[in-house]
Amino acid sequence: SIYFEMARANGKLDEWEDALEDAVKSLRGRKLCLGNQALECGDSLSQLGDIQLALKHHNEALNCYIEALRIFSAIEGRSHVSVATCLEKIGCIYLEQKQYEEAVENLKRAMKIYTENFGGISTQVATT
């Protein structure tokens, strides 16, 4: 949607409040047109989580990533890279919140998926 792209552009400009507004509109429109469980809603939720994280709204970001994870797991399967990306972001938030056991659990799951998809030493595993 145009709002999804506007949110991306505003994020690149560090206009996070505008990006947040656009991302919310994108998610609302996608849910209305495609249904709450559409893959595009997962994309919008992930984007919204990234924006919330940039704004240091960790709990809101966590909720977005958890919902995106649910959608991606249901549609693309539990071994898809989009699932790993959500798990990684969830793990990083838990790490920031000093919830170390939850952080390690999610990061290990993400690393396992990345390794399964890209091999033993992948760029994704090496750079995250």
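Here are four short exercises, with worked solutions, on a predicted model.

**Exercise 1: helix 1 against helix 2**

Work out how helix 1 and helix 2 are oriented relative to each other.

*Solution.* Start with what describes a pair like this. Two packed helices are described by the angle between their axes and the distance between the axes. Now find the two elements: helix 1 covers residues 2–12, and helix 2 covers residues 16–34. Their axes lie 8 Å apart, and the packing angle is about 160°. Next, compare that angle with the cut-off: angles over 145 degrees count as roughly antiparallel. So helix 1 is roughly antiparallel to helix 2. One last detail is the handedness, and the crossing of these two helices is left-handed.

**Exercise 2: who touches whom**

Find the residues where helix 1 and helix 2 meet, and sort them by character.

*Solution.* Go through helix 1 to begin with. Its side of the contact is made up of Tyr3, Phe4, Met6, Ala7, Asn10 and Gly11. Then do the same for helix 2, which brings in Trp16, Asp18, Ala19, Asp22, Ala23, Lys25, Ser26 and Arg30. Now sort the contact residues: seven are nonpolar, three are polar and four are charged.

**Exercise 3: looking for disulfides**

Count the disulfides, then check Cys33 and Cys86 one by one.

*Solution.* You'll need one cut-off here: the two cysteine sulfur atoms of a disulfide must be within 2.5 Å. Take Cys33. Its closest cysteine sulfur belongs to Cys41 and is 9.5 Å away, so that's too far for a bond. On to Cys86: the nearest cysteine sulfur is that of Cys64, at 10 Å, and Cys86 is in no disulfide. The total count is zero disulfides.

Are these two cysteines buried or exposed? Cys33 has 67% relative accessibility and counts as exposed. Cys86 is buried, with a relative accessible area of 1%.

**Exercise 4: two unusual phi angles**

Describe the backbone at Asp14 and Lys98, and say where each residue sits.

*Solution.* Begin with the background. Most residues other than glycine have a negative phi. Asp14 isn't a glycine, but its phi is positive, about 60°. You'll find Asp14 in the loop between helix 1 and helix 2. With 55% relative accessibility, Asp14 counts as exposed.

Now Lys98. This residue isn't a glycine either, and it has a positive phi of about 60°. Look for Lys98 in the loop between helix 5 (81–96) and helix 6 (100–118). Its relative accessible area is 58%, so Lys98 is exposed.

How values were computed. Residues numbered from 1 in each chain as written. Predicted model: local features only at pLDDT ≥ 70, side-chain atom pairs only at ≥ 80, totals over all residues. Heavy atoms only, no water. Buried < 20%, exposed > 50% of the residue type's maximum accessible area, 1.4 Å probe, protein only. Axes fitted to C-alpha atoms, helices over the stretch in contact; angles between N-to-C directions. Helix = DSSP H or I, 4+ residues; strand = E, 2+ residues; numbered from the N terminus. Parallel < 35°, antiparallel > 145°, perpendicular 65-115°, else oblique. Left-handed = near helix turned anticlockwise from the far one by under 90°. Contact = heavy atoms within 4.5 Å. Nonpolar A, V, L, I, M, F, W, Y, C, P; charged D, E, K, R; others polar.
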